Amino acid sequence: MASRRACLLVPSFPLAARLRAEPEAGGAALVVLSDMRAGARVVAASIEARRAGVGEGLTWAQARAMLPGLLARERQAPGEDAARRALLSAAEAFSPRLEEAEPGVVFLDVDGEPDEKGLALGLLARARRERLPARVGVAGGMTAARAAAESCEEDGWELVPAGQDQAFLAPRPLSCLRPPATAARTLERWGLRRVGDLAGLPEGEVASRLGREGWLLHRAARGLDARPLVPRRPASSFSDGAGFDWPINDLPSFTAAAAPVLLRLAERLAEHGLASRRLELAFELDPQGRESRALELAAPTADARTWLALLALELERRPPRAPVTGLTALAVPEAPRAAQLTLFGPPALSPDALSTTIARLAALVGEDRVGCPAAKDTRRPESFGLKTYAPPPPPEQAVEGAGSVSNAAFTAVRVLRPAVPLEMLCVGEEPRRARSLDAGLPIEGDVVVAAGPWRMLEGWWGEDPVERDYWDLELSDHGLYRVYYDLRRKRWYADGIYD
Amino acid sequence: MRASSSSEKSPRSCGSSELVTGAELLRRQAERGRSRPLATRLPVFDGLQDGGLTRGTLIELCGGRSTGRFAVGLAALSAATRAGESAALVDLGDHLDPRGAQEAGVVLERLLWLRPRRLKEALAGAEMLLAAGFALVVLDLGERRPGPEGPPEAWRRLARLASERGAVLLVVAPSPVSGGSAEAVVTALEGRAVWLGEGLSPRLLAGISVRLWARRRRRPETGATMSLSFREEKR
């Protein structure tokens with residue numbers, strides 16, 4: 001079966017990427033410059049600018065001289081990277097085998113596609129959703145497909161029937177093959193203007209005079225690609241970004257600038273039926289430098305508002321060390337948790353509300369003071385672990401009467417952190433009267449009943465061994481305490497109240 | 001004019017079942033969930049509360065030192081987490097022992113532990129947790145003196161939020177703090193240690209015996225005192 005290739009093309013890609021981030025500048029006479037230094041050159045120009053004769057390669061001074069009202073924007077890598085990824089994402093929805101030839105040009109393997117017109121229209125619609133002005137060409141080879149795309153108007157498409165690549169290319173100018181400069185000059189000297197002129201020459205003669213370059217050009221003129229489509233490996237992450245025209249150093253402005261980035265990222269995840277629980281952020285700083293952050297969520301989500309709320313909380317807590325000139329956000333995708341709509345079970349917490357709540361609690365009390373408690377494998381009763389709170393989904397059926405019914409319950413101990421130092425009066429080794437040395441936690445009384453001691457040893461081989469003799473004491477102040485004598489420090493402490 | 005037949009039965013009288021929409025079914029299920037009390041699985045305590053902690057209310061549990069307050073709070077957390085509900089402990093005194101909670105039956109994966117340093121943080125944290133949809137929030141105000149009280153409007157706000165969300169806010173404190181915002185106040189009147197062994201024989205703490213008294217709003221004084229024994233798990 002003859003191969004079929006589609007070309008999804010965004011012309012003047014640097015300009016398209018810029019307008020994607022700044023749509024309000026559309027319709028103006030605008031150029032994108034290589035940089036903002038003296039001598040900067042035009043890398044892309046809008047239609048309005050081109051009508052006035054401004055084109056690629058001119059210096060900014062030359063362009064301004066031709067069109068005094070011309071606007072300029074600096075080329076920005078984060079925005080172009082984001083636009084490239086958006087274009088690839090749009091193409092991925094139609095074929096898993098695709099190749100990015102250069103920024104703004106994506107080839108798709110569409111062998112066996114029965115409805116090529118529908119495919120072209122779908123690609124254009126998807127590109128429009130990504131706010132990229134695209135064109136689509138479909139032909140037997142990549143050369144003809146690209147030429148077909150380039151011949152269209154914006155948002156247009158062209159289908160080259162099977163086997164007609166050479167005929168399609170024949171009347172087109174040689175420039176559509178993008179020949180190297182030396183070969184182009186030679187072909188011009190020979191008087192060749194059209195692709196068909198080159199295709200009509202003997203292959204061997206062209207090769208012997210122009211070498212391998214000429215031979216490849218000759219094949220391209222006949223609609224034969226120099227190499228097969230090399231499919232890219234599918235992306236395992238989703239990312240988007242934007243550059244800012246001026247450094248941003250206040251939170252409201254940054255939030256407003258970051259919102260579209262996170263929204264596009266969330267939409268793309270949602271389109272693929274995915275969500276993310278980890279967002280990796282990179283800030284470009286002014287005048288130079290980079291700072292990275294990561295937002296971890298309790299459960300995967302594709303809700304941009306949740307990410308934005310968490311980002312605002314994170315930046316309130318830890319502002320970047322310098323004004324920010326660009327942002328790149330990368331979401332690690334995973335399958336979203338199915339929404340819990342149980343008929344008979346307890347309701348689940350909303351993952352988005354939970355993530356935002358945990359972030360707010362961490363901002364309120366500190367990250368190390370909120371989470372899911374974990375028991376540690378140690379004899380020290382004051383030890384504890386804290387992990388990220390990520391509860392499992394609730395059961396499908398409410399568990400009525402969970403646990404045994406009993407008037408007997410386990411004795412609970414209020415752990416005292418840190419342990420409260422005590423002044424202990426002993427007779428022999430038996431404690432007889434205790435008094436705390438912490439005014440905020442009064443413990444004072446005669447010992448009514450004492451049970452103990454129980455020796456606890458841990459870490460005797462290490463640098464910080466623990467050696468304690470524990471007692472349970474009932475004092476005359478009506479309290480029941482767990483106390484210990486630290487054999488190394490030779491001091492008494494209360495580390496728990498039975499309650 | 002023809003007489004209409006009256007032999008057709010109305011749909012509702014056809015049988016014991018009726019058709020409802022899915023939305024109505026979910027609404028009824030939610031209502032049923034809201035009306036079902038959260039049992040602590042301690043019948044003596046639940047008996048003072050119409051079968052458990054009433055959802056949508058603020059309930060206070062107060063009492064002196066070593067009167068079983070913390071154990072009742074853990075029992076409530078255990079009951080909620082074992083039933084598959086998410087619960088939170090706002091631990092102003094930083095008193096929780098995770099291993100002890102696990103032994104008391106708390107499913108730690110479903111428990112969110114917040115360790116605020118000040119009362120203001122504790123109240124704000126409790127508000128956030130109720131707003132997020134936690135079915136049970138236990139706010140333990142610790143043991144330190146002087147005991148924190150907090151402004152009355154804060155407690156009113158928390159009680160209102162618990163009511164709106166159908167959640168239980170159990171406030172555990174040395175003395176009553178919420179003013180008139182609590183639906184019920186359970187007071188642990190005294191706690192008595194239960195020891196094994198006598199005289200010169202080695203002693204072992206077996207548990208605590210407590211007396212509880214419950215007062216509920218807009219009802220006559222119908223509280224009752226009962227004994228509740230805690231027994232330590234045999235090692």
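**Exercise 1. Is A:W460 buried or exposed, and what is its relative accessible area?**

Welcome! Keep in mind throughout that this is a predicted model.

*Solution.* Start with the cut-off: a residue counts as exposed when its relative accessible area is over 50%. A:W460 has a value of 63%, so this tryptophan is exposed. A:W461 also counts as exposed, at 63% relative accessibility.

Now look at how the two rings sit. They form an aromatic pair with centres 5.3 Å apart and 90 degrees between the planes. Planes over 60 degrees apart count as edge-to-face, and that is the class of this pair. The whole structure holds eight aromatic pairs over all chains.

**Exercise 2. Work out the strand order of the open five-stranded sheet in chain A, and find its edges.**

*Solution.* Reading across the sheet gives β5-β6-β1-β7-β8 of chain A, and the pairing is mixed. The edges are β5 (98-102) and β8 (157-159) of chain A, since each pairs on one side only. On average, neighbouring strands are turned by 15 degrees against each other, direction ignored.

Next, zoom in on one edge. Strand β7 (residues 135-139) of chain A runs parallel to β8(A), and three bridges join them. Within β8(A), A:E158 is the residue opposite A:G137.

Finally, add the helix. α5 (residues 116-129) of chain A lies across β1 (5-9), β6 (105-109), β7 and β8 of chain A, and makes an angle of about 160 degrees with β8(A).

**Exercise 3. Find the strands that β12 (residues 324-334) of chain A is joined to by seven bridges and by 10 bridges.**

*Solution.* Seven bridges lead to β9 (residues 238-248) of chain A, which runs antiparallel to β12(A). Here A:S239 has A:L330 as its bridge partner. The 10 bridges lead to β10 (residues 275-285) of chain A, again antiparallel. On that side, A:L279 stands opposite A:A331.

**Exercise 4. Check the length of helix α3 (residues 69-82) of chain B, then decide how enclosed it is.**

*Solution.* With 14 residues at 1.5 Å a residue, α3(B) should span 20 Å. Its end C-alpha atoms are 20 Å apart, so expectation and model agree. For the surroundings, 13 of the 14 residues are buried, which means that α3(B) is largely enclosed by the rest of the structure. After the helix comes B:G84, with a positive phi near 90 degrees.

**Exercise 5. Locate the rings over which A:R468 and B:R115 sit.**

*Solution.* The charged end of A:R468 is over the ring of A:Y484, 4.3 Å from its centre. In chain B, B:R115 lies over the face of B:W113, at 5.4 Å from the ring centre.

Key: Residues numbered from 1 in each chain as written. Chains lettered and ligands numbered in written order. Predicted model: local features only at pLDDT ≥ 70, side-chain atom pairs only at ≥ 80, totals over all residues. Heavy atoms only, no water. Pairing = 2+ DSSP bridges. Helix = DSSP H or I, 4+ residues; strand = E, 2+ residues; numbered from the N terminus. Axes fitted to C-alpha atoms, helices over the stretch in contact; angles between N-to-C directions. Contact = heavy atoms within 4.5 Å. Expected span 1.5 Å × (residues − 1). Buried < 20%, exposed > 50% of the residue type's maximum accessible area, 1.4 Å probe, protein only. Phe/Tyr/Trp six-rings, centres within 6.5 Å; stacked < 30°, edge-to-face > 60°. Lys NZ or Arg CZ within 6 Å of the ring centre and 35° of its normal.
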